[in-house]
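Q: Could you walk me through how the surroundings of a bound ligand are read, and then the pocket that holds it?

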Amino acid sequence: MTTGLFIALEGGEGAGKSTQTERLRLHLESLGFEVVVTREPGGTPTAEKIRNILLDPSIHDMPDETEALLFAASRADHAENKIRPALARGAVVLCDRYIDSSVAYQGAARGLGIDRVRALSEWATRELHPDFTIYLDVPADASAERMEGTDRMEIQSADFHIRVQQAFRDIAAASTRPHIVVDATLSIEQVTSEILAALTPLLEKQ
Ligand SMILES: Nc1ncnc2c1ncn2[C@@H]1O[C@H](COP(=O)(O)OP(=O)(O)OP(=O)(O)O)[C@@H](O)[C@H]1O
Ligand SMILES: [Mg+2]
């Protein structure tokens, strides 16, 4: 049983996940919540080591299957050693990317199959799902303009990022779990206020 609140932020590169995670952290802390900010891939010492492999731009020959398994492996460690303990003590967990990112990138954009990739992560996390998911919907051209890094995912083709963007839209449209889709081309402040409006009823129950 978990007592905290598990919130995932999803979207393509440059959608504003990290920006909004930090803004939400400040807001929630000002309301008195214990907030645990974390990210994927990574979030624990072991998962951060796996992250370094996953995002290493000098690796050019990683099979898609290896990529999918490494994401799932890092997620298993993260769910078990960081997210579950935080939820057990009642914290609000803000997770910058989670299972849906694997479904969009490896399942859809890499073409490994969305059902298979989702099932892999559900197995890896023993079905630890977010209580609420925030999808930041960014058009691929805006995403390209905002991209800051040169990691192994960011340097994929424009076509790849278009597939990612469409995949997130499809995932959100098909989702039966609590979520919101926010237009990430709005101002940073507008995006935050849309998210907070959606989260308020959940926070009042905490
Ligand atoms: N709503 C917005 N309007 C304009 N610029 C924004 C908005 N949100 C974020 N940005 C800017 O876009 C850049 C990328 O934002 P951010 O790092 O939060 O994205 P991200 O989703 O975390 O990206 P990544 O997937 O690469 O980690 C930053 O320079 C940020 O200031
Ligand atoms: Mg980020």
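A: This is a predicted model, in which local features need pLDDT of at least 70 and side-chain atom pairs count only at pLDDT 80 or more, while totals for chains, interfaces and linings use all residues. Residues are numbered from 1 along each chain as its sequence is written, chains are lettered from A and ligands numbered from 1 in the order in which they are written, and side-chain values use heavy atoms, with hydrogens and water left out.

Q: Which residues around ligand 1 come nearest?

A: A residue is near a molecule if one of its heavy atoms lies within 4 Å of it. Here 16 residues surround ligand 1, and those that come nearest are Lys17, Ser18, Thr19, Glu148 and Leu186.

Q: Which atom of ligand 1 is 2.8 Å from an N or O atom in the side chain of Ser18?

A: A polar contact is a pair of N or O atoms within 3.5 Å. An oxygen atom of ligand 1 makes the pair with the side chain of Ser18 at 2.8 Å, whereas a nitrogen atom of the ligand lies 3.4 Å from an N or O atom in the side chain of Arg146.

Q: What is the volume of the largest pocket?

A: A volume is the space filled by probe spheres set on the grid points, which are joined across faces, edges and corners. For the largest pocket the volume is about 740 Å³, and of the 34 residues that line this pocket, Glu13, Gly14, Lys17, Ser18 and Arg97 are the closest to its centre. A pocket is an open set of points on a 1 Å grid over the protein atoms alone, where a 1.4 Å probe fits, with protein on both sides within 12 Å along at least five of seven lines, and lining residues have an atom within 4 Å of a point.

Notes. Polar contact = N/O pair within 3.5 Å; in protein donor to acceptor, adjacent residues only side chain to side chain.
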